[in-house]
Amino acid sequence: MKSKELILMSYIDKKQISFKTILTALILFSSCSIYGQTDSTVKQLVPTPAPVPGKPMLIFVDAGHGGQDGATRGLFSKEKDVALMVALQLGQTIEKEIPNSKVMYTRTEDVFIPLYERIDMANRAHADLFISIHCNSMPASMRGRTNVTGVETIVSGSGRLGQQDVAIRENASILLEKDYKDKYEGYDPNDPESFIIMSLMKYAYRKQSIKLATLIQQQYIKTGRVDRGVKEQSLAVLAKAGMPAVLTEIGFISNPGEEEYINSAAGREEIVQNITSAIMEYNKEMIVN
Ligand SMILES: [Zn+2]
């Protein structure tokens with residue numbers, strides 16, 4: 001049995017999907033023209049949220065916290081304010097430097113927005129990427145807390161992946177409609193058949209999120225930042241993402257040196273350039289692959 005079929009069979013086994021389902025999925029996968037930026041054999045199978053030529057890339061930029069939620073604070077600044085400044089600057093830079101890109105924000109002022117609402121906004125807009133900006137901090141009670149420095153970027157941990165199903169289905173419906181409706185007359189994304197597609201898309205989003213997170217970290221490192229790596233965590237803001245999504249911690253507000261850096265014009269410019277370059281690199285790799 002070819003490896004392509006093996007993977008399908010393992011999904012089918014688990015869910016006891018009908019023969020009709022198997023057939024539909026096989027037809028879809030074998031004919032699918034948009035392939036995923038993932039590794040191994042699954043790469044060949046996944047209909048991905050890869051950039052569609054001619055379609056503007058919509059990037060949702062999320063400034064963490066806001067309003068009554070000031071989050072962490074340093075000696076002279078609050079995380080919510082730094083996150084907003086960086087998010088706004090990032091949005092402007094993306095639109096200026098990435099051709100055919102459009103940016104939307106979860107907030108452009110000092111207001112509180114619940115975590116789930118943030119990702120819902122991106123899902124409703126069918127965003128191609130979601131990037132959440134935060135500052136890190138060590139607990140006040142920790143000895144030597146002010147010495148800790150560095151950058152890390154987080155993707156949604158597998159514990160929460162189940163919650164992505166609805167969002168992915170909503171977004172995938174549109175994708176499927178646009179790309180498959182004509183070719184596969186009568187295919188209904190709400191049918192059980194779509195289960196396999198959803199599973200593979202979830203896999204693709206996770207892989208792409210890790211890819212983007214890795215590229216962001218690489219850019220940070222190039223400018224001399226301390227690398228704390230890519231992490232998988234169960235984060236409410238990312239849990240329901242129907243697109244590749246990352247949360248990046250741009251520095252420790254609890255470290256006086258990094259607090260200075262993330263509040264300085266030069267520091268912010270560097271961070272914004274790092275993230276923008278990572279998105280450009282991500283796009284390039286998506287198109288090549
Ligand atoms: Zn935060």
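Start by selecting Gln-68, which sits in the loop between β1 and α3. This is a predicted model. Is Gln-68 buried or exposed? Gln-68 is exposed: its relative accessible area is 68%, and the cut-off for that label is over 50%. Now add Val-111 to the selection. Along the sequence, Gln-68 and Val-111 are 43 residues apart, yet C-alpha to C-alpha they are 7.6 Å apart in space.

Next, select the zinc ion. Which protein residues are its donors? They are His-65 through NE2, Glu-79 through OE and His-134 through ND1, lying 2.0 to 2.2 Å from the ion. Along the chain the donors follow the spacing H-x13-E-x54-H. Glu-79 belongs to helix α3 and His-134 to strand β3, so this pair ties together parts that are 55 residues apart in sequence. Glu-79 and His-134 are both buried.

Now move to the largest nonpolar core, which has 36 residues. Select Ile-59, Ile-131, Ile-133, Ile-250, Ile-275 and Ile-279, the residues with the most contacts inside this core. Colour by element next. At least two core residues come from each of β1 (57–63), α3 (79–97), β3 (129–136), β4 (151–156), α6 (194–222), β6 (245–252), α8 (256–263) and α9 (265–288). Another core, of 14 residues, lies apart from this one; Phe-60, Ile-154, Val-237 and Leu-238 are among its members.

Finish on Ile-250. What does Ile-250 touch, leaving out residues up to four places away in sequence? Its contacts include Val-82, Val-86, Ile-133, Val-151, Ile-262 and Ile-271. Also among them are Cys-135, Tyr-220, Arg-225 and the zinc donor His-134.

Conventions
Residues numbered from 1 in each chain as written. Predicted model: local features only at pLDDT ≥ 70, side-chain atom pairs only at ≥ 80, totals over all residues. Heavy atoms only, no water. Core = buried A, V, L, I, M, F, W, Y, C linked by side-chain atoms within 4.5 Å. Buried < 20%, exposed > 50% of the residue type's maximum accessible area, 1.4 Å probe, protein only. Helix = DSSP H or I, 4+ residues; strand = E, 2+ residues; numbered from the N terminus. Contact = heavy atoms within 4.5 Å. Donors = N, O, S within 2.8 Å, 3.2 Å for Na, K, Ca; no water.
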